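The exercises below are intended for a reader who is meeting this structure for the first time. Please examine the sequence and the model, attempt each task, and then compare the result with the worked solution.

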Amino acid sequence: MSTTQDSMDIRYTGEKGPLFNLAFKTGLLTVVTLGIYRFWQKTRIRKYIWSSVDAGGDTFEYTGTGIEKLLGFLIAVVFLAIYIGIIQMVLFYAGLSVMVDPQRASPQEMIAQTIALYITFFAVLPFILYAVYRARRYKMARTRWRGIRFGMEKGAWGFVWRAMGYGFLAVITLGILTPLQTFRLEKYQADRSYYGSARFTQTGKWTELYPAMKHMLIGIGILVLSFALIGGGAVSENVGLIGFGGFAAFVGYVWVIIGGIHYGVQSFAYLTANKVLGDDIHFTAAPRTGFVIKTYIVGGLLVGLLASVAFGIVGTIAAAFIPLLQNGGGMIAFGIVMAVGYVVALVLTQALSLILITQPILAHYIEKLEIVNADGLNRIAQREAETGVDAEGFADALDIGGAI
Amino acid sequence: MSRVPHGGTRPPPLETSGDFFDGETAFARPVNLRIDTDRRLLTGDGIDWPVDDIREVMDQAGGDLIVLRLKGDPVARLILRHGDIRPRLPNRRRSAPLVRRGRLFGWALAAVTSVALILFVLVPLMADQLAEYIPPSGEKALGEVTLTQIREALDDTGLSPVSFCTAPKGEQALRKIEARLTAQMATPVDLSVHVLNHEMVNAFALPGGQIVLFRGLIDEATTPEELAAVFAHEIGHVISRDPTRHALRSAGSIGVLGLIFGDFAGGAVVLLLAEQLIEAQYSQGAEGAADVFAHDLMIRAGLSPAALAVMFERFRALGGDAEGFIGHFLSHPGLGDRIAAARDAVPAGFRPRPLLAADEWRALQDICSDGTLY
């Protein structure tokens, strides 16, 4: 719906009931098919969520398919199984074993295990980053609005090297250069993104992300101060000072976490407000950190409460079978009731967290988004279809990408 | 839903309106549409869609919008605001055909074949190779980790792993059997032998020369020679590195299967099933080879291989009560042959020398009564 002549509001029309039904039903199907249906589950949930995004009266469409996800996943598994197998073999020859009994190992063995785990992680890291880019590219290529495709150029390896480089910089500066990492990586991806024939451009400056980082820096400051207090208290044997330092450390810790969420929300707002589509289509974004945190807390509590009720019911039903445990048949019935109940309660919990946490936060981001100069959209033409076969297989195989 | 009735009463004409996206531009074009019942077409300005080829895009939010597409056209869309057209589209729920189907199935076949190759060829091959070259320290660590896991898995109380039996006199007797057997071996191996305080009638070997005997096995044996026979059989597994190969194989297969089935609710069940499957493959040729090794070792140590036959007969007599490794023995059709082979292995005129004195054997039978925990 247009508010003014050339600005377009975006609405989120998804509801709790239908999404819950969809997630619960497909979750059970996933269990019944030993996990294979999860690719179709993800596809159908995305179709629902995409179609809930209504911009100017037209909804988005997700055109991905389950079969292409399964296929991409199998390709990634073949590759990763061989790759990780080779890495493990090399480590074996080098005498570094990931398998060590923590109770009986010598310090040298523990160190060797730690080194082996790090080598394995850093060997897989490029593929995790590769998967991040490929997954975004796949989602773009399978998203359509007004019949026009989104798209993203190839460039996953370029992303991998940059992500490792900026990540390294951010780590050695103790997080001070995080905005540089956030901005450059988003710019790399945004500048390769298209809507139909029109290209996105990321404008703005990385230093302007520092205001969003304010609370993280305050939290880190409090933490540093609290360690100084605890250290000072320990030296002067002042118990009161140590106690106060401990309290400050707790405050600092919570502040860093909330500051991190704030940074996530506000850096998204800045980066979105500074994106340009084509020559003159702009965006405004005003998501509120308070809403996101409130949803995490209230939604998290609600999910926890409902999940404990569900697991409690399973336990009660299972308890009714305990008198039957004397014979073999009763034992099997008890096991089946427990397993089925547990699985159903787990699927229920996943569906609940989707409708109580993921969807409201997504809806908030989308509702606070607006397209400025929307008239330019009418001049955009179609782009070619993408034909990659691996879909987001690497992301699925490496288990990244979250709820949707 | 309902199909369009053929013949008889003709369905009433239907007119509706909506937006059309041609898939070429982002411009939404309002269109008036009607169903041409004679030609079975949905027609409008620039649109002639056969009603049989129209598909509805499913899993859409907000039941008030209907998104229609044409079977062969991946991009063009019709957005309607009234559901009254639904009964007139007989195939709207059928899935649109996959594009480039041949290529897709080619890739699918290649991918499934590769996964199968990895599971059934590459993993066993790599495990066998690795078992030859694995450094002793790695093999030892592997065995220790596996042993801890088994002890935890066997525990019913959920408090602490099943304990080792370590009564000193019993240990002495056990070492005596070990020394009698290992003294006759061509290549010395580093063995560590444990007795687990568990009633299962069982014994197994683990990577790194770990041999585990269960209390239930000692209780079931009536002579030390029977115990020594099982012991020798397990040494046979250690020599041929069966446990190492087995552990590496299952680790590899479970790793790959874990990747495939993912981390979902029923994952543990699948892995358990897979483990059972792999377990069953372990014992075919390897058991026979370990038997032959045991016969030879027993004879050289001055003990009768027939003791192995006696032990096997006890397993068979236990019938349905036997579990795990022994249970597998029973399911194996060749158990009778193995009993016969053990009896046949006794050379003519063979005179066994005694293994343990009566009090030593009693001490070994009481190895778990000390109550000291490991």
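**Exercise 1. A patch on the surface**

Task: In this predicted model, determine which residues form a nonpolar patch on the surface with about 730 Å² of accessible area together.

Solution. The patch consists of Phe244(A), Phe247(A), Phe250(A), Tyr253(A), Val254(A), Ile257(A) and Ile258(A). Next, take one of these residues and locate it: Phe247(A) belongs to helix H8 of chain A, residues 239–273. Finally, consider its accessibility. Phe247(A) has a relative accessible area of 51%, and residues count as exposed over 50%; therefore Phe247(A) is exposed.

**Exercise 2. The two faces of a strand**

Task: Establish which side chains of strand S9 (residues 281–285) of chain A are buried and which are not.

Solution. Begin with the direction of the side chains, which alternate along S9(A). One face receives Ile281(A), Phe283(A) and Ala285(A), and these are buried. His282(A) and Thr284(A) point to the other face and are not buried.

**Exercise 3. Following the strand pairings**

Task: Trace how strands S8(A) and S9(A) pair, and then continue through S10(A) and S1(A) to S2(A).

Solution.

1. Strand S8 (residues 275–277) of chain A pairs with S9(A) in the antiparallel sense, over two bridges. Val276(A) has His282(A) as its bridge partner in S9(A).
2. Three residues lie between S8(A) and S9(A), and the two strands form a hairpin. In the turn, Gly278(A) has a positive phi of about 65 degrees.
3. S9(A) also pairs with strand S10 (residues 369–372) of chain A, in the antiparallel sense over four bridges. Here Thr284(A) has Glu370(A) as its bridge partner.
4. S10(A) is joined by three bridges to strand S1 (residues 7–12) of chain A, and the two run antiparallel. Opposite Glu370(A) in this pairing stands Asp9(A).
5. S1(A) pairs in the antiparallel sense with strand S2 (residues 53–55) of chain A, over three bridges. Tyr12(A) stands opposite Val53(A) there.

**Exercise 4. The buried face of a helix**

Task: Identify the buried residues of helix H11 (residues 335–344) of chain B and explain why they line one face of the helix.

Solution. The buried residues are Leu335(B), Arg338(B), Ile339(B) and Ala342(B). Viewed down the axis of H11(B), these buried residues fall within an arc of 100 degrees, so they line one face. On the other side of H11(B), Asp337(B) and Asp344(B) are exposed.

**Exercise 5. A proline in a loop**

Task: Decide whether Pro90(B) counts as buried or exposed, and state where Pro90(B) is placed.

Solution. Pro90(B) lies in the loop between strand S7 (77–80) and helix H1 (101–133) of chain B. Its relative accessibility is 19%. Because the cut-off for buried is under 20%, Pro90(B) counts as buried. Pro90(B) and Asp53(B) are 37 residues apart in sequence, with their C-alpha atoms 8.9 Å apart in space.

**Exercise 6. Annotated spans and the model**

Task: Compare annotated "transmembrane region" spans of chain A and chain B with the model.

Solution. The unreviewed UniProt entry for chain A gives this annotation to several spans, including residues 115–135 and 156–177. In the model, residues 115–135 of chain A are 100% helix and 0% strand, with end C-alpha atoms 30 Å apart. Residues 156–177 of chain A are 77% helix and 0% strand, with a corresponding separation of 23 Å. For chain B, UniProt (unreviewed entry) places the feature at residues 104–127 and 251–274. Residues 104–127 of chain B are 100% helix and 0% strand, and the end C-alpha atoms lie 33 Å apart.

Note on methods. Residues are numbered from 1 along each chain as its sequence is written. Chains are lettered from A and ligands numbered from 1 in the order in which they are written. This is a predicted model: local features need pLDDT of at least 70, side-chain atom pairs count only at pLDDT 80 or more; totals for chains, interfaces and linings use all residues. Side-chain values use heavy atoms; hydrogens and water are left out. Buried means under 20% relative accessible area, exposed over 50%, partly exposed in between (1.4 Å probe, protein chains only). Two strands pair if DSSP finds at least two bridges between them. Patches are made of residues with over 30% relative accessible area and no salt bridge: like charges are joined within 9 Å, nonpolar side chains (Val, Leu, Ile, Met, Phe, Trp, Tyr) within 5 Å. Accessible areas come from the Shrake-Rupley method with a 1.4 Å probe; for residues, only the protein chains shown count as cover. A salt bridge is a side-chain nitrogen of Lys or Arg within 4 Å of a carboxyl oxygen of Asp or Glu. The arc is that of the directions from the helix axis to the C-beta atoms. UniProt positions are given in the numbering used here, feature names are shortened, and annotations may be inferred rather than shown by experiment.
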